[in-house]
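These are my notebook entries on one structure. I went from the whole chain to single elements and then to single residues.

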Amino acid sequence: MISIGIIIILLQGSIDYIMCGRSAGIILVGDEILKGQVKDTNSHFMCKRFRAVGTKVLKISVVEDIVDEIAKTVEEFSGRFDIVVTSGGIGPTHDDVTYAGVAAAFGDKIVCNDILLDYWNKTFNSSVTQSARLLSSVPQSAEIIWANTESVLYSNRKGEEIKTFPVVKVRNVFVLPGVPQYLEALFVALEKDNFQSQGRSFYTGRIYLSVDEEWILKALNKSVQDCKDCVFGSYPVINNDRYKTQITVEADG
């Protein structure tokens, strides 16, 4: 416990244990996020799920619906991180250009994938539609992963409930939709086989204190200096009658 020469009430403490191994980067695609028209919840959800399976998110970027911007960011992330997940920009409209951006990042070309075309034609219940072709136009080197979700994603034109959805993967980049309902279900379906890490032990401890941060600065800074292998975090807590500061301590084991 941190000693600072005053009485501190340790109101609550906890230790979490997970496996820590691979790294991840998240790319959010969409002008609507940058304009504040849509509130991003996808990055928060993915960060929590990645951490739960032992994978450390190291960077999140939000990019415009511009092919070159997407390509530049995907190329950077793919080279830096073990896993890259993109969110948004894969629908049938003019501003859905994520597939084109991913293709450009790897010098690939966009083709109409016959497997996807068959899937989307059945979904739209017609022979060939423009929407089906656009949704099926992906990087030529793409791998199609069939994600089986626990929840119903949508109903097709025949009224059939659909729980299986195709996810496009190019190298280490997973391309997911931006609609939170779809992204969350697909991420959970994919995480065990694709996102989970098998590595060193990773611990997180939490301490809740009844004083403000300024009262513990000296002791906290000394702890940071003395424990080079740990990562400390200090967070003020507002409008809470029980505690005013949360301290986190993280370390590999």
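Entry 1, surface. I looked up the accessible surface of this predicted model. The protein exposes about 13,900 Å², and carbon and sulfur atoms supply 49% of that area. I then looked up burial and found that 42% of the 253 residues are buried.

Entry 2, secondary structure and contacts. I noted eight helices and 14 strands in the protein. For contacts between residues at least 6 apart in sequence, I recorded that 71% join residues at least 24 apart.

Entry 3, helix α3. I checked the length of α3, which covers residues 67-80. Its 14 residues should span 20 Å at 1.5 Å a residue, and the end C-alpha atoms are 20 Å apart, so the expected and modelled values agree. Which residues of α3 are buried? I listed I70, A71, T73, V74, F77 and S78. I next looked up what these buried residues pack against. The partners include three strands of the list, β2 (23-29), β3 (56-63) and β4 (83-87). Helix α4 (98-105) and strand β11 (173-176) are also partners of the buried residues of α3.

Entry 4, helix α4. Having met α4 as a partner of α3, I looked up its own burial. I found α4 mostly covered, with six of its eight residues buried. The buried residues are T98, Y99, G101, V102, A103 and A105. Just after α4, I noted that G107 takes a positive phi of about 65 degrees.

Entry 5, helices α2 and α7. Two packed helices are described by the angle between their axes and the distance between the axes. I therefore looked up both values for α2 and α7 (residues 180-195): the axes come within 11 Å and cross at roughly 20 degrees. Because angles under 35 degrees count as roughly parallel, α2 and α7 are roughly parallel to each other. I recorded the crossing of α2 and α7 as right-handed. On the α2 side, the contact is made by N42, F45, M46, R49 and F50. On the α7 side, P180, L183, E184, F187, V188, E191 and F195 make the contact.

Entry 6, S43. I stayed with α2 (residues 42-52) and looked up S43, which is found in this helix. Is S43 buried or exposed? Its relative accessibility is 11%, and buried means under 20%, so S43 counts as buried. Leaving out residues up to four places away in sequence, I found that S43 touches I26, L28 and I60.

Entry 7, positive phi in loops. Most residues other than glycine have a negative phi. I looked up two residues that depart from this pattern. R171 has a phi near 55 degrees, a positive value in a residue other than glycine. I placed R171 in the loop between β10 (164-170) and β11. R171 counts as exposed because its relative accessibility is 60%, where exposed means over 50%. I also noted that R171 and S141 are 30 residues apart in sequence and 8.3 Å apart in space, C-alpha to C-alpha.

N239 also has a positive phi, near 55 degrees, and is a residue other than glycine. Where is N239 placed? I found N239 in the loop between β13 (230-236) and β14 (245-252). With a relative accessible area of 79%, N239 is exposed.

Conventions. Residues are numbered from 1 along each chain as its sequence is written. This is a predicted model: local features need pLDDT of at least 70, side-chain atom pairs count only at pLDDT 80 or more; totals for chains, interfaces and linings use all residues. Side-chain values use heavy atoms; hydrogens and water are left out. Helices (H or I, at least four residues) and strands (E, at least two) are DSSP runs, numbered from the N terminus. Buried means under 20% relative accessible area, exposed over 50%, partly exposed in between (1.4 Å probe, protein chains only). Contact means heavy atoms within 4.5 Å. Accessible areas come from the Shrake-Rupley method with a 1.4 Å probe; for residues, only the protein chains shown count as cover. The expected span of a helix is 1.5 Å times one less than its number of residues. Axes are lines fitted to C-alpha atoms, for helices over the stretch in contact, and angles run from 0 to 180 degrees between N-to-C directions. Angles under 35 degrees count as roughly parallel, over 145 as roughly antiparallel, 65 to 115 as roughly perpendicular and the rest as oblique. A crossing is left-handed if the near helix is turned anticlockwise from the far one by less than a right angle, and right-handed if clockwise.
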